[in-house]
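Student: I'd like a close look at a single part, the largest pocket. Please describe its lining and setting, and then relate it to the rest of the model.

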Amino acid sequence: MNHLNRTLTRSNLLGFAGALTLLLLAAACQNNASSSSGLKIGTLLSITGDLSQFGASMQDSANLLVKTVNSCDGVLGQPVQLISENDQTNPAAGAAAMTKLAEVNRVGGVIGATGSSVSSAAVDIAVRNQVVQISPSSTSPVFTERAKKGDFKGFWFRTAPPDSFQGEALAKLARSRGFKSVSVLAINNDYGRGLVNSFSSAFAPLGGKVLNQAKPTYYPPDASSFESEVAEAFRGNPDAVLLVAYPETGSLILKAAYQQGLLGKKTQVMLTDGMKDAKIAELVGKNAQGGFISAGMIGTSASAGGGALKQFSDRYTSTHKRQPTVYAPNTWDAAAVLVLAAEAAKSTSGAAIKDKIRAVANPPGQNVSDVCQALSLIRQGQEINYQGASGNLDFDSQGDVTGSYDVWTIDKSGQLKVISTISVRGS
């Protein structure tokens with residue numbers, strides 16, 4: 001230390017100070033570059049929790065879209081950065097993660113959340129920070145109602161149709177099977193309550209009756225025992241019980257119904273999109289004869305049939321050596337819409353992206369399903385109408401898309417099988 005002091009002459013000190021100044025300036029420039037280093041988007045998906053069966057595949061889809069975009073020059077000439085958060089299928093965790101993405105990471109848009117209850121907890125944080133939130137799978141009608149009131153200021157979108165449409169599809173399915181009486185058993189959150197309400201409203205005009213409409217049977221999201229709820233839902237021997245659930249808790253409910261001797265008799269079980277998991281038959285288990293307990297059950301889920309579906313499916317299966325889950329195409333589309341809107345806006349800010357989403361996804365414009373081709377057309381100053389993997393992605397004023405619904409069943413081998421399609425009016 002003393003030797004250093006003796007050798008620091010005035011010129012040395014000046015040189016040292018100059019070098020230090022240059023280092024500080026370089027660091028400042030690096031910080032400025034990082035704050036403007038291209039488009040940053042986030043994912044807020046259920047990697048753990050009751051919806052983790054879907055969340056992992058959805059996350060893979062978002063990763064794949066960003067990788068694809070970055071292979072064709074990214075957005076605005078720079079790579080897209082994806083920052084991923086686990087919402088844990090928990091509203092409190094989702095709200096905390098959205099706060100981090102919006103206020104710390106300063107993303108322009110967020111893909112998620114997976115479940116409606118988590119999106120409800122996160123969306124006001126996104127709106128307050130002028131971040132676009134676009135969910136691939138939050139289907140509660142609550143978002144449509146709030147959007148109509150202007151709560152979201154245009155920052156909310158979703159690439160899956162709302163459950164007001166699925167309720168209609170379920171009602172049509174029930175009547176086509178000759179069901180006149182149905183009881184409902186649902187998770188007590190935005191998803192469950194919204195779907196029960198929409199089904200009840202659609203079933204009555206078709207001549208059906210919801211036996212427990214005055215007092216629907218709901219179960220807490222964190223429940224682990226369901227004996228009383230199952231007994232209540234099957235009381236009165238309805239033609240069918242509509243189960244609105246997620247795989248983890250839904251499989252336990254079906255096991256409880258089997259153990260009470262309520263399955264395989266008069267009452268059919270109808271399921272919703274939240275239960276459409278490739279492993280659902282294994283989760284529910286087998287009967288004493290070795291057959292799958294859930295075999296023969298029927299359900300609905302939004303159809304995936306857009307122009308980009310084959311491209312997405314081929315890339316996904318080639319990369320991950322497995323089939324994507326039900327909302328994976330919607331996740332690809334949510335990410336695609338964000339990057340295309342940013343390119344069209346020539347900006348990475350949420351406010352600018354929000355204003356261009358319908359411009360790239362709705363008519364008029366050249367129909368295009370390849371995301372790299374779509375980016376190229378935008379750079380050439382052309383208008384586009386992006387055709388997604390999940391559908392055509394024509395957003396209405398509430399940020400909703402419409403579509404058709406697959407009717408699916410579980411066959412004797414435990415495999416999911418689509419058996420028909422139901423159209424909805426999407427009014």
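Tutor: Let's start with the chemistry of the walls: the lining of the largest pocket comprises 12 nonpolar, 11 polar and seven charged residues (Ala, Val, Leu, Ile, Met, Phe, Trp, Tyr, Cys and Pro count as nonpolar, Asp, Glu, Lys and Arg as charged, the others, Gly among them, as polar). Please keep in mind that this is a predicted model, where local features need pLDDT of at least 70 and side-chain atom pairs count only at pLDDT 80 or more, while totals for chains, interfaces and linings use all residues. Numbering runs from 1 along each chain as its sequence is written, and side-chain values use heavy atoms, leaving out hydrogens and water.

The largest pocket encloses about 760 Å³ of space (on a 1 Å grid over the protein atoms alone, a pocket is an open set with protein on both sides within 12 Å along at least five of seven lines, and lining residues have an atom within 4 Å of a point; grid points are joined across faces, edges and corners, and a volume is the space filled by probe spheres set on the points). Its lining takes in 30 residues, and those nearest its centre are Ala278, Gln323, Pro324, Thr325 and Val326.

Which elements build the walls? Two or more lining residues come from each of helix 3 (52-70), helix 11 (280-284), strand 11 (298-302), helix 12 (309-320) and strand 15 (416-423) (helices, H or I of at least four residues, and strands, E of at least two, are DSSP runs numbered from the N terminus). Helix 3 has the largest share, giving four residues to the lining of the largest pocket. For context, the whole protein has 15 helices and 15 strands, and its C-alpha trace spans about 95 × 55 × 45 Å along the principal axes.

Now the setting of the largest pocket. Both domain 1 (40-160 + 306-386) and domain 2 (164-304 + 404-423) contribute to its lining, so the pocket lies between them (the bounds come from an automatic or database domain assignment).

That brings us to the enclosed spaces. The structure holds two cavities of 30 Å³ or more (a cavity is a set of points where a 1.4 Å probe fits but cannot get out). The largest cavity has a volume of about 90 Å³. Domain 1 and domain 2 both give residues to the lining of the largest cavity too, so this cavity also lies between them. Its walls are formed by Leu51, Phe54, Thr114, Gly115, Ser116, Ser137, Thr139, Tyr191, Tyr246, Asp273, Gly274 and Tyr327. By class, that lining holds five nonpolar, six polar and one charged residue.

What lines the second largest cavity? Leu185, Phe234, Val241, Leu243, Ile253, Leu254, Ala257, Leu263 and Val269 surround this space, whose volume is about 40 Å³. Its lining counts nine nonpolar residues, with no polar and no charged ones. Strand 9 (240-244) and helix 10 (247-259) each supply at least two of the lining residues, and helix 10 gives the most, with three.

Putting the spaces side by side, the largest pocket has seven charged residues in its lining, the largest cavity has one, and the second largest cavity has none.
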